[in-house]
Structures are given as C-alpha cells and as structure tokens.
Amino acid sequence: MDLLHNDLGQPIGFPVPNWTPRAQPPRTALEGRFCRIEILDPERHAAEIYEANVEDREGKTWTYLGYGPFANYADYRAWADAAAKSSDPLFHAIVDLTSGKAVGIASYLRIDAQVGVIEVGHIHYSPALQKTSAATEAMYLLMRRAFDELGYRRYEWKCDALNAPSRRAALRLGFRYEGIFRQATMYKGRNRDTAWYSIIDREWPTLKSAFEVWLRPGNFTEDGQPRTRLSQLTNEALSGGGHR
C-alpha cells in the first residue's frame, strides 16, 4: 500500500470512507456443526460448566485468569451471576452439541463500536472442550459475527505473555502477533506482561475460507480427527496462499 501524505507533506493513514459506528454484539445464539454459543444464563449454564470444570482437578486452566478456581458451586454461581449482568465483557456459554451441555466460556470485551474494534477473551475451556472441533468452531463463530455480521475492523486477542498455550492458540487461529506491553496490569497479586494479537478485516476473508475448509465434514476422519491442521491453513491464508 502506497504511503499517503497530507497537504503539509506529512504521512497519514489510509482513508476509511463512509464509516459509521458499528452495532453492539447481539444476544442471539450462534449455531455451528459442533457447538452452539449462547449468552451466559446462570440458571441454564452454570451447573453444567462447573461440573465440566471440576475435571480440571489441579486447577491448571485458571492460572492465567483473574479469577478461579472456585472452591464450590456456590462460589462459581456467584461469579456467573455477576458475569451474566455485564454487557462488556459480554459472556457466552459454549454448548457442545454432542452432549448438549455447556462446557466452556468466552466473551466479547473492550468493545469499541465507534471505531470497530472488539476483543475476544475470558476464554475458559473445560477439559471436555479442550482440543475438540467444538473448541475451534466456537472461535470461528465469534470471529464471523464480529466481521461479517457486525462489520468490525479489528479483532483482538490478548494474554499473559507467559501463557504459552494461549499464545500458540492465537497463532493457530490466524492472529498476528503485535508485541508485548510490559507491566500492563496485575492480577492475583502478580505482574502481567501482556502479549497482543489481532486479525483485521482485510485478512478475514481468506482466514474465513481457511476455517471453512477445516470445518468441512470431509476434513475429518471417522473418529473425528482433522486430516489437515488448521495452523497449516491459516498460515497459508496469511501468506497469500488462499483456499478454494
């Protein structure tokens, strides 16, 4: 892209003509082949998610979140009740369509509809959801809503810079690494350097195609294993390889 300059000879950003503020994310469900994403409803979801989380007996999935693990259901329910009242973060339950049970959480947050920027975060996958097709599809469905349905320009992923699994997940899903904000915040009484990742609107069409190739029924063996790795497809998409 050629560098633009104003009348004073100063470099400036490319124009964004006819821009209008975007809508806030709706509270309607997102339906996929492997999962359904619903606005968190503690009455319907909290007990199922808590039971699924209990399988993480060491509490390893909570290390890089600002809350948890929870000692009992009453504590988790209190957290879920508070979370469900929030519109930013806007918490969603991830329901596995095979079991019909809610097994994870994800949210939209730091929603800046004026300029079209939205973040995905507060991602907590129970052992029943981790490394499943539903886990990947959930991220795709939330991306698709942000870009295709709502028309946002930028989709962000941030995590503790020491959280290696989250950083690998971001790259697998097609996010580009942008750098580390040192001493960005504190949580659980300790420092957090934050790693930033993003997808922008002009990258989304080819990344969307990569996800759709990966999600095709023909990409899965009889025992449900993908034949082609998503990381291969997203890397090709970002490098200009494209998909048909």
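This is a short talk on the fold, one central strand and one pocket of a predicted model.

Okay, let's start with the whole chain. It has six helices and 10 strands. The C-alpha atoms fill a box of roughly 65 × 45 × 35 Å along the principal axes. For 244 residues, you'd expect a compact globule to have a radius of gyration near 18 Å, and the chain comes out at 19 Å, which agrees. As for burial, 46% of the 244 residues count as buried. And if you take contacts between residues at least 6 apart in sequence, 61% of them join residues at least 24 apart.

Now the sheet. It's an open one with eight strands and mixed pairing, and the order is β3-β4-β5-β6-β7-β8-β10-β9. Which strands stand at the edges? Those are β3, residues 30-31, and β9, residues 176-187; each has a single partner strand, so one side of each has no neighbour in the sheet.

The strand I'd like to spend a minute on is β5, residues 90-96. On one flank, β4, residues 35-39, pairs with β5 in the antiparallel sense over five bridges. In that pairing, I37 stands opposite I94 of β5. On the other flank there's β6, residues 101-112, also antiparallel to β5, this time over seven bridges. Here F91 sits opposite S107 of β6, and D96 has K101 as its bridge partner. β5 and β6 make a hairpin with four residues in between, and in that turn G100 has a positive phi of about 75°.

So how buried is β5? Seven of its seven residues are buried, so the strand is largely enclosed by the rest of the structure. You all know the rule that side chains in a regular strand alternate between the two faces of the sheet. In β5, L90, H92, I94 and D96 point one way, while F91, A93 and V95 point the other way, and all are buried. Note that H92 and D96 are in that buried set too.

Last topic, the second largest pocket. There's about 220 Å³ of space in there. It is lined by 13 residues, and the closest to its centre are F14, V16, R153, D201 and R202. What does the lining look like by class? We get seven nonpolar, one polar and five charged residues.

To wrap up, keep two pictures in mind: β5 buried along its whole run of seven residues, and a second largest pocket with R153, D201 and R202 among the residues closest to its centre. Thanks, happy to discuss.

Technical notes
Residues are numbered from 1 along each chain as its sequence is written. This is a predicted model: local features need pLDDT of at least 70, side-chain atom pairs count only at pLDDT 80 or more; totals for chains, interfaces and linings use all residues. Side-chain values use heavy atoms; hydrogens and water are left out. On a 1 Å grid over the protein atoms alone, a cavity is a set of points where a 1.4 Å probe fits but cannot get out, and a pocket is an open set with protein on both sides within 12 Å along at least five of seven lines; lining residues have an atom within 4 Å of a point. Grid points are joined across faces, edges and corners, and a volume is the space filled by probe spheres set on the points. Ala, Val, Leu, Ile, Met, Phe, Trp, Tyr, Cys and Pro count as nonpolar, Asp, Glu, Lys and Arg as charged, and the others, Gly among them, as polar. Two strands pair if DSSP finds at least two bridges between them. The radius of gyration is taken over C-alpha atoms; the globule rule is 2.2 Å times the number of residues to the power 0.38. Buried means under 20% relative accessible area, exposed over 50%, partly exposed in between (1.4 Å probe, protein chains only). Contact means heavy atoms within 4.5 Å.
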